Amino acid sequence: MSEIKRACMLDHVSIAVRDIKRSAVFYDAVLAVLGLHRTSDRDGATGYGAKPATPCDFWILEQAGPMAAKPALGLHVSFQAANREQVQAFHAIALAQGGRDAGPPDVRSQYSSGFYGAFVLDPDGVKIEAVVREALS
């Protein structure tokens, strides 16, 4: 069996949302700051990636009714930023789009050396983050 070379451990991440249109507007604006764009729309699903020709890395899936997934404490998705300015813009745009502050842009050396990040809650309460790891840049 040949060894598989991996650049990243995860292939993609999907989260449940209550209103796909509302959430797509939010994520269109917030992820564009980080160079991610809507690259796929399907019935009840929207995918984001860096380029249209590449697979989507992040999906939002509309789920309703009593069996729909709900945001839970501890779940959070972190997006890579290129620099502090992207982290700051991510946070500002998320708040302007109806997100809630969960930690303003700042150095967080308790996580690792060179960690600069910001946290917000999306319209459904999912915790998302933008981070630049300056020690690795």
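1. Helix α2, in this predicted model, runs over residues 84–96 and contains 13 residues. From its first C-alpha to its last it reaches 18 Å, which is close to the 18 Å expected at 1.5 Å a residue.

2. The residues of α2 that are buried are Q86, V87, F90, H91 and A94. They cover an arc of only 135° around the axis, so they lie on the same side of α2. The general background is that an α-helix has 3.6 residues a turn, so residues three or four places apart point the same way. On the other side of the helix, by contrast, E85 and A96 are exposed.

3. What do the buried residues of α2 pack against? Their partners are one helix segment, α1 (20–32), together with the strands β5 (76–80), β6 (100–107), β7 (115–121) and β8 (127–133).

4. The two ends of α2 can be described separately. At its start, a side-chain oxygen of N83 comes to within 3.1 Å of the backbone nitrogen of E85, and E85 is one of the exposed residues on the other side of the helix. After the helix comes G98, a residue whose phi is positive, near 100°.

5. R84, which lies in helix α2, forms a salt bridge with E134, and the closest N and O atoms of this pair are 2.6 Å apart. Because E134 belongs to the segment after β8 and R84 to helix α2, the pair ties together parts that are 50 residues apart in sequence. E134 is partly exposed, with a relative accessible area of 33%, and R84 is likewise partly exposed, with a relative accessible area of 31%.

6. E129, in strand β8, deserves a separate check. This residue is buried yet has no salt bridge, and the nearest side chain of opposite charge, that of R133, is 6.0 Å away; the cut-off for a salt bridge is 4 Å between a side-chain nitrogen of Lys or Arg and a carboxyl oxygen of Asp or Glu. Which polar contacts does the side chain of E129 make with other side chains? One joins it to the side chain of H76 at 2.8 Å, and another, of 3.2 Å, joins it to the side chain of S78.

7. The wider surroundings of E129, leaving aside its neighbours within four places in sequence, consist of contacts with H76, V77, S78, F79, F90, F115, A118 and F119. Among these, F90 is also one of the buried residues of α2, and the buried residues of that helix pack against β8 as well as other elements.

8. How many salt bridges does a search of the whole structure find? The search finds five, and one of them joins the side chains of R22 and D124 at 3.0 Å, N to O. R22 is in helix α1 and D124 in the loop between β7 and β8, so this pair ties together parts that are 102 residues apart in sequence. R22 counts as partly exposed at 36% relative accessibility, whereas D124 is buried, with a relative accessible area of 6%. R18 also takes part here, since R18, R22 and D124 are linked in a network of salt bridges.

9. A further salt bridge is formed by the side chains of D41 and R38, at 3.2 Å, N to O. Both partners are placed in the intermediate class of accessibility: D41 is partly exposed, with a relative accessible area of 49%, and R38 counts as partly exposed at 34% relative accessibility.

Methods:
Residues numbered from 1 in each chain as written. Predicted model: local features only at pLDDT ≥ 70, side-chain atom pairs only at ≥ 80, totals over all residues. Heavy atoms only, no water. Helix = DSSP H or I, 4+ residues; strand = E, 2+ residues; numbered from the N terminus. Expected span 1.5 Å × (residues − 1). Buried < 20%, exposed > 50% of the residue type's maximum accessible area, 1.4 Å probe, protein only. Arc of directions from axis to C-beta. Contact = heavy atoms within 4.5 Å. Polar contact = N/O pair within 3.5 Å; in protein donor to acceptor, adjacent residues only side chain to side chain. Lys, Arg positive; Asp, Glu negative; His and termini not counted.
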